[in-house]
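Student: Please take a close look at one single part of this model. I should like to know how that part is placed, and what surrounds it.

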Amino acid sequence: HFGSRAILALTRRHSKHRSRLAVDKAASCLQVLPVSVAMRVRHLQSHLADQALVHQGKLDRLRGTRVGVDAVFWLRSIQALKDPFADALGGIPPGIFGFVDKELESFKRYDITPLFVFQGVAPGPQHSMFVSRMDQQMELAWTYLAKGQKSEAQKCFAVSTSRINGDFVYFIFHHLRHKGYECLNAPYFAGAQLAHFAEQGVVQTVFGPPGLLLYGVQSVVIHINFAQFAFDWVDLESVLQKWQISRDQFVDACMLAGTEYCLTYPYLNLGHFQPAAPGRFNFDAAVYIIKQAPLINWMQTFPTEDMKNDHVDGYCICKVLVQNSPVLHLQDHVIRPLGAGTPGLPPPQVPFDFHMIMGEKLPKSLYYLMLNGIISHKLPQALAKGEWTDKSQPLVDTREFRDLLCDLQDYRETDRKSTRLN
């Protein structure tokens, strides 16, 4: 048995020696792993900005607050971590810990106490809306490299790569612990765990993508600019009032727009909904049609039965993940669906085949090891689902790849020297 106090206490008490030892051991067995992010919604952030629903504030407003941080989202916001060859070569960008420490000093300077939440066991994307272009760019990069066009190859690598890869998320977790910061690996979705922390008052606000609004988080900081002493944030109630919809309608509109788990509703791209730019998607169309009729009505109108099945399955999976993602509940110290045990509300109805999406429930001792970063979430995920979902990478032994490694030696060495000088 383990409780929230024990978990959070471990983030402080964990031996610095053991944390550093874990990092050193992990360095010898690097793998290129895909890094999941919180629920992404197609064009949501750009539409919120167009609708003047992204508010700006002075950083002094966050002074003295405890902020729940989506760790992967935060790492991707650090521009200095952008290494065009990160996914191609694996490993970690040069100077990573220096750049991260600089960001941590900024939090400390404004008396902001971050609670970093890392992604846990989460089902992979059900389709390639958000990843197909990156894969195409990666393939194109290797093609350019094989032809000796190194400059073009670097541009494509830069477009295709994530700002971080799975190689060093584990390193960052233990580096943050070594520095005395609170860190937690969510049992499943980081977004759902942050929503629970916000609901329970563990944190005053959260820092992450606007998709966190789907979990009912009332306000989300989506950008922090320490250099300009400002931050951007979105407010769920303001969004609902301006669009004149309920929270359930907001979730349905986001699903119609498309996420990693459900495809965009096909008719949203028609000229009827986009008179200004036919064929170009606009999030406002999703809001418009969900106000005309419930989601279930729109599920009856598809050109073919196969298309209907593909879309309906995706919408069902996405709705279940938003409503029932398991989190570590602070009151009774167990892993249960988000919303379970909320006073005055009936327990959420979890589908009987929920394990088909999330995998089998794991032993408490395994959750304990994962929550504290002692083991990666990859192995528990494989045990729960009975499958290994790693993304393949073009790490093959070819002459072109060996040449690239040699060409990058100077690049890596130069970066290391400049980091030491700084």
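Tutor: The account below follows one helix from its setting in the whole chain to its neighbours and to a pocket. The model is predicted: local features need pLDDT of at least 70, side-chain atom pairs count only at pLDDT 80 or more, and totals for chains, interfaces and linings use all residues. Residues are numbered from 1 along each chain as its sequence is written, and side-chain values use heavy atoms, with hydrogens and water left out.

The protein holds 19 helices and 9 strands, taken as DSSP runs numbered from the N terminus (helices H or I, at least four residues; strands E, at least two). Of its 422 residues, 50% are buried, where buried means under 20% relative accessible area with a 1.4 Å probe, protein chains only. Where residues at least 6 apart in sequence are in contact (heavy atoms within 4.5 Å), 75% of those contacts join residues at least 24 apart.

The part chosen is helix α10, residues 190-199. Because 8 of its 10 residues are buried, α10 is largely enclosed by the rest of the structure. The buried residues are A190, G191, A192, Q193, L194, A195, H196 and F197. Their cover includes five strands: β2 (66-70), β3 (113-118), β4 (182-185), β5 (205-207) and β8 (326-329). After the helix comes G201, with a positive phi near 80°.

Helix α10 also has a part in the second largest pocket, whose volume is about 660 Å³. Together with β5, α12 (247-257) and α15 (305-324), α10 gives two or more residues to the lining of this pocket. The lining has 28 residues, and Y215, G216, R247, L338 and G339 lie nearest the centre. By class, 13 of the lining residues are nonpolar, 11 polar and 4 charged; Ala, Val, Leu, Ile, Met, Phe, Trp, Tyr, Cys and Pro count as nonpolar, Asp, Glu, Lys and Arg as charged, and the others, Gly among them, as polar. A pocket here is an open set of points on a 1 Å grid over the protein atoms alone, where a 1.4 Å probe fits, with protein on both sides within 12 Å along at least five of seven lines; lining residues have an atom within 4 Å of a point. The volume is the space filled by probe spheres set on the points, which are joined across faces, edges and corners.
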